[in-house]
Amino acid sequence: MSTKVKDLVFPSLSYAYDALEPHIDAMTMEIHHTRHHKAYFDNLQAAAKDTPIAETDFMEVLANISKYPVAVRNNGGGHYNHELFWSIMSPNGGGQPGGALAEAIVRDFGSFDNMREQFNNAAKTRFGSGWAWLSVKSDKSLCVCSSPNQDNPLMDVSDCKGMPILGLDVWEHAYYLKYQNRRPDYISAFWNVINWAQVEKNYLNCL
Ligand code: MN3
């Protein structure tokens, strides 16, 4: 699916701001969506306005991000990453994936627990602000990595290129109100709200 930058839409959430309580609190969700994500979206549109970027496919922009201004890298990444993040969480989340994704996780990590441990380590050890990812590489294998700031594995600047199917925001704005400096507690809580049905859909779209 291709969407020009100017045709991107700021997404609404498919659940209420308090729906992920107690794991992610309502105030964090509301501020994160309506202020942080909205600012990335608006700033991306402002950077693209009246330039050829507005008419360019958003995925093409991300794939060639080194050729674009830093405002497009930060805000384009910010928009993409948050839209994915909202979609892979659910008040009915948690547990473990099934089907083809479960099989691929065992194939590539040995077990679900090994994958979770690698993901948690990537999220905990990302210094400063960034994201942890579960991605599908070009050879269709799964990999875990992290990226700084609003970068992601779609970008040509990434050292772990792939199609992200699960992402965790580890910027302090994602957890500070409830967890303060306890990033590991926030990372643990995240596993209770992962929407595995959506992650599996994302995985199948990569095959
Ligand atoms: Mn964020």
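How exposed is Lys140, in terms of relative accessibility? At 37% relative accessibility, Lys140 counts as partly exposed, a label used for values between buried, under 20% relative accessible area, and exposed, over 50%, with a 1.4 Å probe and protein chains only.

Before going further, note that this is a predicted model, in which local features need pLDDT of at least 70 and side-chain atom pairs count only at pLDDT 80 or more, while totals for chains, interfaces and linings use all residues. Residues are numbered from 1 along each chain as its sequence is written, and side-chain values use heavy atoms, with hydrogens and water left out.

**Stop 1: two loops and a cis bond**

Keep Lys140 selected: it lies in the loop between strand 1 (130–136) and strand 2 (142–148), where helices (H or I, at least four residues) and strands (E, at least two) are DSSP runs numbered from the N terminus. The phi angle of Lys140 is near 75 degrees, which is a positive value in a residue other than glycine. Select Asn149 next, in the loop between strand 2 and strand 3; Asn149 is not a glycine either, yet has a positive phi of about 55 degrees, and at 40% relative accessibility it counts as partly exposed. Then go to Pro22, in the segment before helix 1, where the peptide bond from Glu21 to Pro22 is cis, with omega near 0 degrees.

**Stop 2: the manganese ion**

Select the manganese ion together with His32, His82, Asp169 and His173, its protein donors, which lie 1.9 to 2.1 Å from it through NE2 of the histidines and OD of the aspartate. Donors here are N, O and S atoms within 2.8 Å of the metal (3.2 Å for Na, K and Ca), and since water is not among the atoms, sites may look incomplete. Along the sequence, the donor residues follow the spacing H-x49-H-x86-D-x3-H. His32 and His173 link distant parts of the chain, 141 residues apart, with His32 in helix 1 (residues 26–48) and His173 in the loop between strand 3 (163–169) and helix 6 (176–179). Both His32 and His173 are buried.

**Stop 3: the aromatic rings and the core**

A search of the whole structure finds 14 aromatic pairs, counted when rings of Phe, Tyr and Trp (its six-membered ring) have centres within 6.5 Å, with planes under 30 degrees apart called stacked, over 60 edge-to-face and the rest tilted. Select Trp131 and Trp133: their ring centres are 5.4 Å apart and their planes are at 15 degrees, so the pair is stacked. Trp131 is buried, with a relative accessible area of 0%, and Trp133 is buried, with a relative accessible area of 0%. For Trp191 and Trp196, the centres are 6.2 Å apart and the planes at 35 degrees, so this pair is tilted; both of these residues are buried. Ring pairs join these four tryptophans into a cluster that also includes Phe85, Trp86, Phe112, Phe119 and Phe190.

Now widen the selection to the largest nonpolar core, which has 63 residues; such a core is a set of buried Ala, Val, Leu, Ile, Met, Phe, Trp, Tyr and Cys residues joined through side-chain atoms within 4.5 Å. Those with the most contacts inside it are Met89, Met115, Phe119, Leu142, Tyr186 and Phe190. Centre the view on Met115, which touches Ile105, Phe109, Leu134, Val144, Trp191 and Trp196, not counting residues up to four places away in sequence; contact means heavy atoms within 4.5 Å.

**Stop 4: the salt bridges**

The count comes to seven salt bridges, each being a side-chain nitrogen of Lys or Arg within 4 Å of a carboxyl oxygen of Asp or Glu. Select Lys4 and Glu55, whose closest N and O atoms are 3.3 Å apart; this pair links distant parts of the chain, 51 residues apart, with Lys4 in the segment before helix 1 and Glu55 in the loop between helix 1 and helix 2 (58–63). Adding Lys6 to the selection shows a network of salt bridges that links Lys4, Lys6 and Glu55.

For the last view, select Asp113 and Arg116, whose side chains meet in a salt bridge at 2.8 Å, N to O. Both lie in helix 5 (residues 112–125), three residues apart, about one turn of the helix. Asp113 is partly exposed, with a relative accessible area of 43%, and Arg116 is partly exposed, with a relative accessible area of 30%.
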